[in-house]
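Morning, everyone. One structure today, and a few minutes to walk through it. Let's get it on the screen.

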Amino acid sequence: MAAAAPAVEAKVPVPQERVSTKVLRILGRGPVQIVLVVIGLLWLVPTFGLFITSILPLSDLATSGWWQIFSHPGHATWSNYSALFHNSGLLTALKTTAYIAVGNTVLVVFVGALAGYAFAWLDFPGRDWLFIAVIALLVVPIQMALIPMFRLYDTLGLFDTWYGIALFHTAFGLPFAIFLLRNFFIGLPKDILESARIDGASEIRIFLRLILPLGLPAIASLAIFQFLWTWNDLLVALTFGQNTTPITVWISGQLREFGSSLDIIAPASFISLLIPLAVFFAFQRYFVQGLLAGSVK
Amino acid sequence: MAAPPPGGEPGRFARYLTAAVFLAPAFIMLGVWMVYPAVYTIIRSFFGPTGFLGSWVGTDNYKTLFTSSYFTTAIKNNAIWVAVVPAFVAAIGLIFAVLTERIRWSLAFKTVVFLPIAISAFATGVTWRILYDQNPDTGAINALGRVVSDAVTPPGVLSNALPSTASLQPHSGGLLLKTPLHPGGVALLGLTGIAPQDVPSGAKQAVEPAAKQGDINGAVWRDFKPGGGKPGVVEKGELGLPGVSVELRSSAGKVVQTAKTGADGSFEFTDVPAGTYQAGVGASSFAKPFGGYSWLGPSLITPSLLIAYIWIWAGFAMVVIAAGLSSMPRDVLEAARTDGATEWQVFRRVTVPLLAPVLTVVFITMIINVLKVFDIVFALAPESEYGHANVLAFAMWQTAFSGGGNFGVGSAIAVFIFLLVLPVLLLNIRRFRREV
């Protein structure tokens, strides 16, 4: 996090820059700016291309690429989208995706915050060892759990349910959640907690009334991460869902006929990335903070 | 949990109980979804393909992993991923972070480059698959390739043309008239198999030029008119083919003169010394147009995947490195500059070494990501190329779930991936123990 700016700007005498060197400096930045503009535009091309592909009729896409839009802007049509929104499969998939992503996010935040608080502010034997265990679990690959949980889900009746998929994500999100929140909670001012305890507040009350509100910045980062992670997941849903499928898995069912299903694949993919993009733009700051905090993962 | 020892601090038991209540939900979930499965998978990797455990097979599953070409391809490809992706992501991220450092609109640039991380790797796969289409008419990258290729080697005007008579024979990529010619002769090079829309623009009625002393002249024309016409004869209604390069070869077969045909298809070799010659159409006129690289084909699929994946993650490295740059001690850099170091020396000798911890984080994160890469392979590679695009996580899923149904080998791959990330796990623990 950025350090607070000093309230008063220190007045240090700055040696006067010669006009010629100043001009040279600004001119020298010109090429860099141009290069950056070009790179920035190049970086946008794939996503832009997907969007344009999604608004062109299939008959056009069979013979010419999406850049034909520049010569035939009149070919653009929303018909692919309106057809998709009459497709009950897509709507169900979007609903399933939302259930999984929201359910998982709420669970990870709550369960993770409880444990993070215990690790940060409660005293119990073996605390460091248990926390080391959590850190060890940070990098355990999902692949280690797929086969056993596939069997267990069958027995427990969790197979092909949105909550089964959400719970799997929750468990694998917990080590990071506990790690992130414990580190944030431990930095909260100690005297606030102490005085609340002296006032006789119960731990659960302190947790709900003090820790959660104060921990909001870290919780926001965590929530955004979890939401995006589950919204964008393919592997877990592919393994534990059959008829209950989020948007990625639903689209993957069309991949076999890629060219001739492009009028479904492209708009559906674009819809699938609209929500993450909206979340990203709305909470960019928290997203970057979470990323910086979590890059030890 | 142990009861409080007699004479212990009052309320200690209650405090431990509180901690247990706070920790229970997390540890139950971690136990059921992570610890139990991890132990089971390790054990399961020594047993046969089906059943809760199946029959004991010892290390056979691991042997399969290192001998079957399906898995060795996956291991080899994943090694390429590990060797290429972290280095490129870090390098590009470093360049972007440094370039944007003193630009006023750096936030806009960073947002654009960072954006792909928010998008699912699956949607990215779909996106790039559209770009990688082999047909230059529909695939953006090959369309760009065609622009470059056409500038370097322009496609011939007659890429599909065929000779109209047997006297015109294929010769080193072009066509050669077998009939020997002498100065004052006329060469008629009739071609067919040219669709009306493929006739070069500006073509006019073909004309058979009159013989000229000391020259060899002739015509290249579309030896076809509605109804057919007579092969080898220039007739009314038949068009000349402009822009065709014609070659005159000596009796030794050497090209002595070249000429381009005019709008009526006529050409002329002037001041030809006495001798025997042959005329023909050069190979460049038949050059095939750019057909596009097979980005999604067997040999390029892995590089294509790497490019798309680097596109996703470069922004991550940029943001992490930029954060490292902004917390860099300015006075150290200034001191180096004052001491007369050039900008490059400052970058190479001061900035990069100071960034080492941040670069390490980028490398470790990317290595872990790359060892588990799955979604983008699934979405970007066509099903027919899954074998060539194969990586560990993908092989694991296919073996265990997608028709494979082999839980023994599937578990062995999972354990193999786990062993590869184990050093990072130990590193994390060591780092934490240093902290407390």
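Start with a term, please. A crossing is left-handed if the near helix is turned anticlockwise from the far one by less than a right angle, and right-handed if clockwise. Keep that in mind. One more thing up front: this is a predicted model.

Now the helix pair. Look at α5, residues 127-137 of chain A, and α7, residues 162-185 of chain A. Their axes come within 8 Å. They cross at roughly 130 degrees. Angles over 145 would count as roughly antiparallel, and 65 to 115 as roughly perpendicular. This one falls in neither range, so α5(A) is oblique to α7(A). And the hand? The crossing of α5(A) and α7(A) is left-handed.

Which residues meet there? On the α5(A) side, Val134(A), Ile135(A) and Leu137(A). On the α7(A) side, Pro175(A), Ile178(A) and Phe179(A). By class, that contact has six nonpolar residues, no polar ones and no charged ones.

Step back to the whole of chain A. How many helices and strands does chain A have? There are 14 helices and zero strands. Read along the sequence, the pattern is α from start to finish. Chain A has 297 residues, and 44% of them are buried. Now take contacts in chain A between residues at least 6 apart in sequence. Of those, 76% join residues at least 24 apart.

Next, domains. The assignment splits chain A into domain 1, 26-77, and domain 2, 84-294. Their centres, taken over C-alpha atoms, are 34 Å apart. Six residues from domain 1 of chain A and six residues from domain 2 of chain A form the contact. Which elements give two or more residues to the domain 1 side? Those are α1 (19-54) and α2 (58-63) of chain A. α1(A) gives the most, with four residues. By class, that side of domain 1 of chain A has four nonpolar, two polar and no charged residues.

Last, the two chains. Chain B puts 75 residues into its contact with chain A, and chain A puts in 73. Where does the largest share of the chain B side come from? From helix α1 of chain B, residues 12-44, with 18 residues. The chain B side counts 57 nonpolar, eleven polar and seven charged residues.

That's the tour. Over to you.

Terms used: Residues numbered from 1 in each chain as written. Chains lettered and ligands numbered in written order. Predicted model: local features only at pLDDT ≥ 70, side-chain atom pairs only at ≥ 80, totals over all residues. Axes fitted to C-alpha atoms, helices over the stretch in contact; angles between N-to-C directions. Parallel < 35°, antiparallel > 145°, perpendicular 65-115°, else oblique. Contact = placed C-beta atoms within 7 Å. Nonpolar A, V, L, I, M, F, W, Y, C, P; charged D, E, K, R; others polar. Buried ≥ 20, exposed ≤ 12 C-beta atoms within 10 Å, placed from the backbone. Domains from an automatic or database assignment.
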